[in-house]
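Trainee: Could you take me through one part of this structure closely? I'd like to hear about the second largest pocket and the sheet beside its lining elements.

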Amino acid sequence: DREKFADCVVIATPHQLHKAPAVAFADRGYHILLEKPMAVTEVDCRAIVSACERNDVILSVCHVLRYSPPVRKIKELIDTEAIGEVVHIQHMDSVGFWHFAHSFVRGNWRNTAESTFWLLAKSCHDVDLIHYWLSGSRCVKVSSFGSLMHFTPENKPPGAASRCLDCQVENTCPYSAKKIYQSRVEQGHTGWPVSVVCPQEPVDMESLTEALRTGPYGRCVYDCDNDVVSNQVVNFQFDGGQTASFSMVAFTQEICERQTRISGTKGELRCSGAGPVYVFDFLTQKTTEHRCAAAPSNSMRDMHGGADFFLMDTFVKAIQSGDSSAVYTGPDDTLQSHLLVFAAEQARLQDRVITI
């Protein structure tokens, strides 16, 4: 019941604990920057949207990739019909072999009951991008397939221990906690992901070794309570005839690098990671390179390729001006992309095409 004492609040609680604080702060008139996903159920998402609209507060959901320079450039090129009418989007998230082991086998997002399903926890970013790039068209059908592969007890090597520090075959395992974490500390790198394993300062080899001996990040990847999928594809059909496909796979060299290829009636667009974006023109048969804007030089420049800076900058300016349209990831648009995520997971679990 404390009287309002600030303009805005940042909600970065665990996924399942978003709804209660979001609704409470909206009812008290606070503008909200809400970590993605908005919530883990459609009912909770709608409750948050309703509270923000009822109280006329700004809601910005941290679908941070919408703010990244290559994503904005792709949207600009689509809107200016640089490739004509969009026919198909092919988008992929290469998660990275050790990143998946860190976050989704040993880490906080490994278990659906404790967090949420994979597509919502991680790839709601990517579904949101497809929704964003094809804004103006409505998705009418969704199908999806995916499973958990490799990181299961039956794939545990003979002679392997329950912890990497005690394992006789650790040197043959690419997912060894010693390889992922100790090698980084030896090189002087104590930021992410080591900082997650050892949240208390100082971070050194002694504290890391103790954390691997007793904590969750030292467990064998074949002995964890993980159940989220390691690979998934989602297919979308839009009302204008356009199609889109999204693929996620854990087993890649690249770490969280997105690859996008968009086919249009007059050309083809492709982009990998931070760009640049390339457009091939069918008429001239020439490829044009489009450079992407960079964030100002500051500590946030390298976070999501500068997208974190642009997200925060936009949110602050929206509050200063009172203009919610300045936010790229407001309540209604974010809700629509979340509904696509829920439909895709329903399609995967029920092994059927979902009509929206």
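Mentor: Let's settle some vocabulary before we start: Ala, Val, Leu, Ile, Met, Phe, Trp, Tyr, Cys and Pro count as nonpolar, Asp, Glu, Lys and Arg as charged, and the others, Gly among them, as polar. Also bear in mind that this is a predicted model.

With those classes in hand, the lining of the second largest pocket divides into eight nonpolar, five polar and two charged residues. That makes 15 lining residues, and Cys139, Gln336, Leu339, Leu340 and Ile356 are the ones that lie nearest the pocket's centre. The space inside comes to about 240 Å³. As for who supplies the wall, H11 and E12 are the elements that give two or more residues to the lining. H11 has the largest share, with six residues.

So much for the pocket; now for those two elements. Helix H11 covers residues 331–350 and lies across strand E5 (139–147), E6 and E12, at about 50° to E5. E12, for its part, belongs to an open sheet of nine strands with mixed pairing, and the order reads E11-E10-E9-E8-E4-E7-E6-E5-E12. Strand E12 (354–355) stands at one edge and strand E11 (286–290) at another, each with a single partner strand, so one side of each has no neighbour in the sheet.

Further into that order, have a look at E6 and E7. Strand E6 (residues 231–238) and strand E7 (residues 243–249) run antiparallel and are joined by seven bridges. To find your place along the E7 strand, use Ala244, which has Phe236 standing opposite.

Another helix belongs in this picture too. Helix H3 (residues 69–79) lies across strand E4 (86–94), strand E8 (257–264), strand E9 (267–272), strand E10 (277–281) and E11, and runs at about 25° to E10. Put the two helices side by side on your screen: H11 lies across E5, E6 and E12, while the strands that H3 lies across include E4 and E11.

One more helix for your notes is H6 (residues 124–133), which is mostly covered, with ten of its ten residues buried. Among them are Cys124, His125, Asp126 and Trp133.

To come back to what you asked about: start at Leu339 and Leu340, two of the residues that lie nearest the centre of the second largest pocket, then follow H11 over to E5, where the helix runs at about 50° to the strand.

Definitions and conventions
Residues numbered from 1 in each chain as written. Predicted model: local features only at pLDDT ≥ 70, side-chain atom pairs only at ≥ 80, totals over all residues. Heavy atoms only, no water. Buried < 20%, exposed > 50% of the residue type's maximum accessible area, 1.4 Å probe, protein only. Helix = DSSP H or I, 4+ residues; strand = E, 2+ residues; numbered from the N terminus. Pairing = 2+ DSSP bridges. Contact = heavy atoms within 4.5 Å. Axes fitted to C-alpha atoms, helices over the stretch in contact; angles between N-to-C directions. 1 Å grid on protein atoms, 1.4 Å probe; cavity = no way out; pocket = protein on both sides within 12 Å on 5 of 7 lines; lining within 4 Å. Points joined across faces, edges and corners; volume = space filled by probe spheres on them.
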